[in-house]
Amino acid sequence: MYVVTVLFSIKPAYLDKFMQAMLANAATSLKQEPDCLQFDVCQSTQNANQVYLYEVYQHQQAFDDHLAPAHFLPFSKTIENWVEDKQVNSYVQLK
């Protein structure tokens, strides 16, 4: 398994729009990408403008493929000015 976590800090004025777009992106990824096994969107209880993604893919290539489809590129462009900070980390499952 290949796991990706993303921590977003969202500009407060765009939080509602960001959440709508992110939830739609997560649902589409799960529906259209067979090797996307889990895509959780979480919001901090201490700071509503922090959003954490936990994504699980069958393998790294599946994540790489996730970054290219028609649904992701427009989404990424839409949210880019709504984000103050973005930290991405990836992990592999140990056996």
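Reader: Which residue of E4 stands opposite serine 9?

Author: In this predicted model, serine 9 stands opposite aspartate 85 in E4. The two strands concerned, E1 and E4 (residues 83–92), run antiparallel and are joined by nine bridges.

Reader: What makes E1 and E4 a pair of strands?

Author: Pairing requires at least two bridges between two strands. Nine bridges join E1 to E4, and therefore the two strands count as paired.

Reader: How do you know that E1 also pairs with E3, and in which sense?

Author: Eight bridges connect E1 with E3 (residues 50–57), in the antiparallel sense. With at least two bridges needed, the criterion for pairing is met. Among the facing residues, valine 3 stands opposite valine 56, threonine 5 opposite tyrosine 54, and leucine 7 opposite tyrosine 52.

Reader: What makes E1 a mostly covered strand?

Author: E1 spans residues 2–10, and eight of its nine residues are buried. For each of those eight, buried means under 20% relative accessible area.

Reader: What is known of the pairing between E2 and E3?

Author: E2 (residues 36–43) pairs with E3 in the antiparallel sense over seven bridges. The bridge partner of glutamine 38 in E3 is valine 56, and that of valine 41 is leucine 53. A hairpin of six residues leads from E2 to E3.

Reader: Why are E2 and E4 called edge strands, and what is the order of the sheet?

Author: The sheet is open, has four strands in the order E2-E3-E1-E4, and shows antiparallel pairing. E2 and E4 each pair on one side only, and these are the edge strands. On average, neighbouring strands of the sheet are turned by 15° against each other, direction ignored.

Reader: Why are H1 and H3 called roughly antiparallel?

Author: The helices H1 and H3 pack at an angle of about 165°, and their axes are 11 Å apart. Angles over 145 degrees count as roughly antiparallel. The packing angle lies over that cut-off, and H1 and H3 are therefore roughly antiparallel to each other. The crossing in which H1 passes H3 is left-handed.

Reader: Why is the pair of tyrosine 14 and tryptophan 82 called stacked?

Author: A search of the whole structure finds four aromatic pairs. In the pair of tyrosine 14 and tryptophan 82, the separation is 5.8 Å centre to centre, with 10° between the planes. Rings pair if their centres lie within 6.5 Å, and planes under 30 degrees apart count as stacked. Both values meet these limits, so the pair is stacked.

Reader: Which parts of the chain does this pair tie together?

Author: Tyrosine 14 lies in the loop between E1 and helix H1 (15–32), whereas tryptophan 82 lies in the loop between helix H3 (72–79) and E4. The pair therefore ties together parts that are 68 residues apart in sequence.

Reader: Are tyrosine 14 and tryptophan 82 buried or partly exposed?

Author: The cut-off for buried is under 20% relative accessible area, and partly exposed runs from there up to 50%. Tyrosine 14, at 31%, therefore counts as partly exposed. Tryptophan 82, at 13%, counts as buried.

Reader: Which residues do ring pairs link into a cluster?

Author: The cluster consists of Tyr2, Tyr57 and Phe63, linked by ring pairs.

Reader: Why is no disulfide assigned to cysteine 36?

Author: A disulfide requires two cysteine sulfur atoms within 2.5 Å. The sulfur closest to that of cysteine 36 belongs to cysteine 42 and is 14 Å away, which is too far for a bond. Cysteine 42 is likewise in no disulfide. The search of the whole structure finds zero disulfides.

Reader: Is each of these cysteines buried or partly exposed?

Author: Cysteine 36 has 5% relative accessibility and therefore counts as buried. Cysteine 42 has 35% relative accessibility and so counts as partly exposed.

How values were computed: Residues numbered from 1 in each chain as written. Predicted model: local features only at pLDDT ≥ 70, side-chain atom pairs only at ≥ 80, totals over all residues. Heavy atoms only, no water. Buried < 20%, exposed > 50% of the residue type's maximum accessible area, 1.4 Å probe, protein only. Phe/Tyr/Trp six-rings, centres within 6.5 Å; stacked < 30°, edge-to-face > 60°. Axes fitted to C-alpha atoms, helices over the stretch in contact; angles between N-to-C directions. Parallel < 35°, antiparallel > 145°, perpendicular 65-115°, else oblique. Left-handed = near helix turned anticlockwise from the far one by under 90°.
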